[in-house]
Amino acid sequence: MVFLYNFTALYKHKPLILMKFIVNSSYLLKQLSNINGVITSNPVVPILENFLFEIDKSNLTVTASDLQTSMITEITVESKEKGSIAVPARILLDTLKNLPDQPVTFSIDAASYSIEISSDNGRYKLAGENATDFPKVPAVSNDFSAAISSEVLAKAVNNTIFATSSDELRPAMTGVYVNLGEKNTTFVATDGHRLVRYRRTDIKSDNGSAIIIPRKALNLLKATLPSENTDVSIDFNLSNAFFKFGNIRMICRLIDERFPDYENVIPASNPIKMTISRMDLLGSLRRISIYANKTTHQVRLKITGSELVVSAEDLDFSNEANERLSCEHEGEDIEIGFNAKFLIEMLSNATADQIKLNMSAPNKAGVITPSEKDKNEDILMLVMPVMLNQYV
């Protein structure tokens, strides 16, 4: 009898509701998935394993952060209250992924920060955290501003991000250098072995400046940009950049380093020129690279007249292969070695039917450009040679 009395007393002690809102499960899952990529599995601060939920009547603002990059989305919900809570990201996403498309109700206990999710066929309770422990998102003053279409921005990111370095000892190379000018905007990425310079004449800024945007932020941006073309506003100061499109905002810390003087690396004169079908060369490289040394990935290109011979060998396993392709050729004959992985990645990211490979000597960089250009873009890809090993 005593037990029944105590249980009843506990049951009648209703929790204090800090906030309550109703939202469609599929819609919420889609919005959270857009920003979930920011969250790391082992963050510097444990609270960053959570989403920050901030509700203001019918507007729910959700923030995800790793201290370097923050992504924010705004979601319309049914509510008349205000409040905030940190919600565990993984368990929430796993729950929503396995729920059918239906309205769900979130109720939060102010005293314990517990969160209850109610659906048509069940209740799910998880432990939240105090929202005040979540790091503040930095405010970004618009010292410099630019507007760009999502289609153009995605193209600029796709054309450069693959050439960034993963070497944390050279932080400047782990991001994409963006130089906004009065006549054009230039995007540059390099890892010391290859370099991509992508220039747009349809992106301009009266108060131009140069920044380095981290690779992770750009990967998140690329993954989140909508499939339909929309405007993206960019504001930045010396330390942070701010991107806004649709109901999503992203703030990322810029890389405060000096970018290499990339213009001096690009050869001024390339008298040897080869024009060839991009897909023909790409297909040949993919096949021939199977037989290349697994450490150097070296393939050799031998251009004689209007014929290109692509070959590779791995002396350790007695593997070798070669193919002949037709090409257009100006200048002297040449035999030069390249890392097949770099060439394949560059050609895979290009879109032109025909490409030009311009060279000057076997120990000098090769420069790849498209034969046909969009009127608003100019792209140049540079790859350093691999010193040839003479066949035995």
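How far apart are the mean positions of the positive and negative charges of the chain?

## Charges and surface

In this predicted model, the two mean positions lie 4 Å apart, taken over 40 positive and 47 negative charges. As for the surface, the chain exposes about 20200 Å², and 50% of that area comes from carbon and sulfur atoms. Looking inward, buried residues account for 49% of the 392 residues.

## Overall build

Let's turn to the fold. The chain holds seven helices and 25 strands. Its radius of gyration is 27 Å, whereas the globule rule gives 21 Å for 392 residues, so the chain is more spread out than a compact globule. Along the principal axes, the C-alpha atoms fill a box of roughly 100 × 55 × 35 Å.

Contacts along the sequence are worth a look too. Of the contacts in the chain with a separation of 6 or more, 66% are between residues 24 or more positions apart.

## Nonpolar cores

What does the interior look like? The largest nonpolar core has 100 residues, and Phe-51, Phe-53, Phe-106 and Leu-308 are the ones with the most contacts inside it. Helix H7, which spans residues 340–349, gives this core its largest share, with six residues.

Another core lies apart from that one and has 13 residues. If you would like to find this second core in the structure, its members include Leu-195, Ile-255, Phe-259 and Val-367.

Key
Residues are numbered from 1 along each chain as its sequence is written. This is a predicted model: local features need pLDDT of at least 70, side-chain atom pairs count only at pLDDT 80 or more; totals for chains, interfaces and linings use all residues. Side-chain values use heavy atoms; hydrogens and water are left out. A nonpolar core is a set of buried Ala, Val, Leu, Ile, Met, Phe, Trp, Tyr and Cys residues joined through side-chain atoms within 4.5 Å. Buried means under 20% relative accessible area, exposed over 50%, partly exposed in between (1.4 Å probe, protein chains only). Helices (H or I, at least four residues) and strands (E, at least two) are DSSP runs, numbered from the N terminus. The radius of gyration is taken over C-alpha atoms; the globule rule is 2.2 Å times the number of residues to the power 0.38. Contact means heavy atoms within 4.5 Å. Accessible areas come from the Shrake-Rupley method with a 1.4 Å probe; for residues, only the protein chains shown count as cover. Lys and Arg count as positive and Asp and Glu as negative; His and the chain ends are not counted. The place of a charge is taken as NZ of Lys, CZ of Arg, CG of Asp or CD of Glu.
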